[in-house]
Amino acid sequence: MTSQRWARVLPVAFITYSLAYLDRSNYSIGIASGMKGDLGITGGAAALLGALFFLGYFFFQVPAAIYAERRSVRRLIFWSLIAWGILASAQGLVSSVGLLMADRFLLGVVEAAVLPAMVVFLAHWFTTGERASANTFLILGNPATVLWMSVLSGYLIQVTSWRWMFIIEGVPAIIWAFVFRALVTDHPRDAAWLEPAERDQVGAALAAEQRTIAPVSSYRAALRSRNVVLLCAQYLLWSIGVYGLVFWLPSIIKSSTGAAIGMTGLLSAIPYALAVIAMIVTGRLSDRAGRRGVYVWTWLLFAAVAFVASYFAGPHDFWLSFILLILAAAGMYAPYGPYFASITESLPRDSAAPAVALVNAFGGLGGFIGTYLVGWLDSATGTSAASVLFMAATLAVAAAIIPLIRSRTRTAAAAVPSGT
């Protein structure tokens, strides 16, 4: 029988992260359509606009995670949803590049809370033996959203305009804020809808897990630990590849094929279909094996190889190169569930929250670098060849760092009702 936690908590987490990813990523479709010409955006400014989101995202991760752990994920996400919905829609109303830059930065600020807060939230609800799968379903909101967003946004622009695309796609986040607040509680102990037996069982299992983890003396000690420093560097490099591809794939496809924006959106969605499958399979395998690292570095190395192969195929055969980019996308997305599970499992709960936030903040910095440099390289060289090699190199180094990260503890999988 399916656990009530899986049936209720995970769909809410998935939709919340999906809306966040929609409102940060539809810029890539807008810039590939008429937005660039209408606002007079140069190649360098287009790259900076895509990247500015991540500066705001970088600076506010740790404060958001500490608030989520000490106070309330529910309250934080409610207000964040309203704020980012308004800012996302405002992208369709701005009349100058300067105003758009300010809006993109502020959008990053309010969305900074989402991933660390939701990872903290799931760590309150799911045990070690469930956590990679639970995190996978959360982060599936990333490729799954790009999958349908690429198609929907392209056709919305085609039948209305890029301005109305932004306005329309920002509204669901505001509506969802009230649904989110009505459906969730911060902890299982507060959930009146959860069966008492399951509530007691999961609460006992989570408390037992915390007793097996070696304590750290302070937030500062946790954030300066060898593992967290390595994870920050690793996630920065990984995110360069992810966001370099997410933000510029529509432009690469449009310039290479000359397709209309609707077809460009449809083609841009294809890599994320395979990524969704790879993420689900990898999360399940990692939970069953009780291992994390090997399910991360092997996929990242696979993605790096696919990028290099795409580089060699590109000048001669766009469609072969595109297939290889599809495989690279699957390799970059597949390890997310095991990766974030490993952080929450290696530190006490109070310290894991800011650690996840700091790692994700450096991922945001990697998103800034990847979005800006890939856009700049493509604009400066007139081709995507240099940027593809750049992304391959960062992913290869990211893969090499993972085996250097030491496991602090081994926690047995808890026997609680499972939805998988």
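**Exercise 1. Decide whether Thr381 is buried, partly exposed or exposed, and place it in the structure.**

Thr381 has a relative accessible area of 42%, in a model that is predicted. The cut-offs to apply are under 20% for buried and over 50% for exposed, with partly exposed in between, and therefore Thr381 at 42% is partly exposed. As to its place, Thr381 is found in helix H18, and helix H18 covers residues 349-381. The final step is a distance: Thr381 and Pro354 are 27 residues apart in sequence, and their C-alpha atoms are 40 Å apart in space.

**Exercise 2. Work out which class Ser387 belongs to, and find what it touches.**

Ser387 is found in helix H19, which covers residues 385-401. Its relative accessible area is 0%, and because buried means under 20%, Ser387 is buried. When residues up to four places away in sequence are not counted, Ser387 touches Val374, Leu377 and Asp378.

**Exercise 3. Describe the second largest pocket: what is its volume, and which elements line it?**

Begin with the volume, which is about 510 Å³ for the second largest pocket. The lining is made of 25 residues, and those closest to the centre of the pocket are Ile252, Ser255, Asp378, Thr383 and Ser384. Next, sort the lining by element: H1, H3 (43-59), H13, H15, H16 (318-333), H18 and H19 each give two or more residues. Of these, H13 gives the most to the lining, with five residues.

**Exercise 4. Find the residues with the most contacts inside the largest nonpolar core, and the helix that gives the most to this core.**

The largest nonpolar core holds 133 residues, and the ones with the most contacts inside it are Ile41, Trp238, Phe307, Tyr339 and Phe340. Helix H13, which covers residues 226-257, gives the most to this core, with 17 residues. To see the surroundings of one core residue, take Phe340: leaving out residues up to four places away in sequence, Phe340 touches Leu115, Val119, Asn135, Ile139, Tyr235, Val356 and Asn360. Another of the core residues, Phe307, can be traced to helix H15, where it is listed among the buried residues together with, for example, Leu300 and Ser310. Helix H15 (residues 294-313) has 20 residues and reaches 29 Å from its first C-alpha to its last, close to the 28 Å expected at 1.5 Å a residue.

**Exercise 5. Check the span of helix H1 against the expected value, then say where the helix has a kink.**

Helix H1 runs over residues 4-32 and has 29 residues, so at 1.5 Å a residue it should span 42 Å. The end C-alpha atoms of H1 are 42 Å apart, which agrees with that expectation. There is nevertheless a kink of about 35° in H1, and it is centred on Arg24. As for its surroundings, H1 is mostly covered, with 23 of its 29 residues buried.

**Exercise 6. Repeat the check for helix H9, and find what covers its buried residues.**

Helix H9 (residues 141-159) has 19 residues and reaches 26 Å from first C-alpha to last, close to the 27 Å expected at 1.5 Å a residue. H9 has a kink of about 30°, centred on Met149, and Met149 is also one of the buried residues of the helix, which include Gly141, Pro143, Ser153 and Ile157. The cover over the buried residues of H9 includes H1, H8 (128-139), H10, H14 (261-289) and H16.

**Exercise 7. Place His187, and decide whether it is buried or exposed.**

His187 lies in the loop between helix H10 (162-183) and helix H11 (196-212). Its relative accessibility is 15%, so His187 counts as buried. His187 is in contact with His124 and Trp125, once neighbours within four places in sequence are left aside. Although His187 and Trp125 are 62 residues apart in sequence, their C-alpha atoms are 6.6 Å apart in space.

**Exercise 8. Classify Val179, and find how far it is from Val12.**

Val179 is found in helix H10, and with a relative accessible area of 31% it is partly exposed. Val179 and Val12 are 167 residues apart along the chain, and their C-alpha atoms are separated by 8.9 Å.

Note on methods. Residues are numbered from 1 along each chain as its sequence is written. This is a predicted model: local features need pLDDT of at least 70, side-chain atom pairs count only at pLDDT 80 or more; totals for chains, interfaces and linings use all residues. Side-chain values use heavy atoms; hydrogens and water are left out. A nonpolar core is a set of buried Ala, Val, Leu, Ile, Met, Phe, Trp, Tyr and Cys residues joined through side-chain atoms within 4.5 Å. Buried means under 20% relative accessible area, exposed over 50%, partly exposed in between (1.4 Å probe, protein chains only). Helices (H or I, at least four residues) and strands (E, at least two) are DSSP runs, numbered from the N terminus. Contact means heavy atoms within 4.5 Å. The expected span of a helix is 1.5 Å times one less than its number of residues. The bend at a residue is the angle between axes fitted to the seven residues ending there and the seven starting there. On a 1 Å grid over the protein atoms alone, a cavity is a set of points where a 1.4 Å probe fits but cannot get out, and a pocket is an open set with protein on both sides within 12 Å along at least five of seven lines; lining residues have an atom within 4 Å of a point. Grid points are joined across faces, edges and corners, and a volume is the space filled by probe spheres set on the points.
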